[in-house]
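Please examine the chain shown below with attention to its cysteines, its helices and the loops that join them. The paragraphs that follow lead through these features in turn.

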Amino acid sequence: MVPNINQTLLFKAFQDQEEYHVHWHCNTTLLELYSDQACGAQFHELMSAIPKERWPYNVLSICMEYVADLLSCYYPNQQTRAYFMATHESYFSSCPEEEEVLYDAPPGLVLALTLLPVSLIPALACMAVWKNSGRQ
């Protein structure tokens with residue numbers, strides 16, 4: 001029995017696609033067209049119907065993966081990334097462009113939290129040897 005390509009895709013990571021689908025030839029023109037007309041239209045309609053706090057961004061991702069699979073394209077690829085970026089710019093343009101700055105812990109705290117367990121190990125080993133040596 002020959003396995004169905006869709007079943008194979010369910011169990012294989014997208015990084016392994018080249019190994020399992022060497023014969024695939026992606027039609028990028030159709031991928032761009034269907035991405036916009038099928039997935040994009042559905043996504044835009046859904047986004048306009050619900051409040052901004054509940055936007056389901058994964059709906060677009062699922063649809064794009066399905067369309068890419070139908071057109072024998074690897075997912076993610078350059079066309080789907082470009083479409084995601086364009087969609088993100090139109091819907092999420094108010095996102096801050098600067099990255100959130102994460103601060104490190106103070107060096108004194110890091111030193112204390114490192115030295116405490118490291119210094120306890122030899123002390124516990126000495127106690128174990130001392131207790132066992134008294135029994136003999």
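Cys126 has a relative accessible area of 54% and is therefore classed as exposed, the threshold being over 50%. The model in which this cysteine sits is a predicted one. Elsewhere in the structure, a search for disulfides returns two. A disulfide is a covalent bond between the sulfur atoms of two cysteines.

One of the two links joins Cys26 to Cys73, with the sulfur atoms 1.9 Å apart. The torsion about its S-S bond is 85°, and the link of Cys26 and Cys73 is right-handed. Cys26 belongs to the loop between helix 2 (17-20) and helix 3, whereas Cys73 belongs to the loop between helix 4 and helix 5, so the bond ties together parts that are 47 residues apart in sequence. The two partners differ in their surroundings: Cys26 is partly exposed because its relative accessibility is 32%, while Cys73, with a relative accessible area of 2%, is buried.

The other link joins Cys39 to Cys63, with an S to S distance of 2.1 Å. Here the torsion about the S-S bond is -85°, and the link of Cys39 and Cys63 is left-handed. Because Cys39 lies in helix 3 and Cys63 in helix 4, this pair ties together parts that are 24 residues apart in sequence. Cys39 and Cys63 are both buried. When the bonded cysteines are numbered in sequence order, the pairing of the chain reads 1-4, 2-3.

These links are set in a chain with six helices and zero strands. Read from the N terminus, the order of elements is α-α-α-α-α-α. The chain has 136 residues, of which 21% count as buried. Among contacts between residues at least 6 apart in sequence, 63% join residues at least 24 apart.

How do the helices pack against one another? Consider helix 4 (58-70) and helix 5 (78-91). Their axes lie 11 Å apart, and the packing angle is about 155°. Since angles over 145 degrees count as roughly antiparallel, helix 4 and helix 5 are assigned to that class. Their crossing is right-handed. Helix 4 contributes Leu60, Ser61 and Met64 to the contact, and helix 5 contributes Thr80, Tyr83, Phe84 and Thr87. By class, the residues of this contact between helix 4 and helix 5 comprise four nonpolar, three polar and no charged.

Helix 5 also packs against helix 3 (residues 28-49), where the axes come within 10 Å and cross at roughly 30°. Angles under 35 degrees count as roughly parallel, and helix 3 and helix 5 are therefore described in that way. The crossing of helix 3 and helix 5 is right-handed. On the helix 3 side the contact involves Thr28, Leu31, Glu32, Ser35, Asp36, Gly40, Phe43, His44 and Met47, and on the helix 5 side Gln79, Thr80, Tyr83, Thr87 and Tyr91. The residues of the contact between helix 3 and helix 5 divide into five nonpolar, seven polar and two charged. Thr80, Tyr83 and Thr87 of helix 5 appear in the contact with helix 4 and also in the contact with helix 3.

The loop between helix 4 and helix 5 has further features of its own. Ser72 is located in this loop, and its phi is near 60°, a positive value in a residue other than glycine. Ser72 is partly exposed because its relative accessibility is 25%. Pro76 is found in this loop as well, and the peptide bond from Tyr75 to Pro76 is cis, with omega near -5°.

Which residues does His25 meet beyond its neighbours within four places in sequence? His25 is in contact with Leu71 and Ser72. His25 itself is in the loop between helix 2 and helix 3, and because its relative accessibility is 68%, it counts as exposed. The C-alpha atoms of His25 and Ser72 are separated by 6.2 Å, although the two residues are 47 residues apart along the chain. The loops that hold His25 and Ser72 are also those that hold Cys26 and Cys73, so the disulfide and the contact involve the two loops alike.

Definitions and conventions
Residues numbered from 1 in each chain as written. Predicted model: local features only at pLDDT ≥ 70, side-chain atom pairs only at ≥ 80, totals over all residues. Heavy atoms only, no water. Helix = DSSP H or I, 4+ residues; strand = E, 2+ residues; numbered from the N terminus. Buried < 20%, exposed > 50% of the residue type's maximum accessible area, 1.4 Å probe, protein only. Axes fitted to C-alpha atoms, helices over the stretch in contact; angles between N-to-C directions. Parallel < 35°, antiparallel > 145°, perpendicular 65-115°, else oblique. Left-handed = near helix turned anticlockwise from the far one by under 90°. Contact = heavy atoms within 4.5 Å. Nonpolar A, V, L, I, M, F, W, Y, C, P; charged D, E, K, R; others polar. Disulfide = S-S within 2.5 Å.
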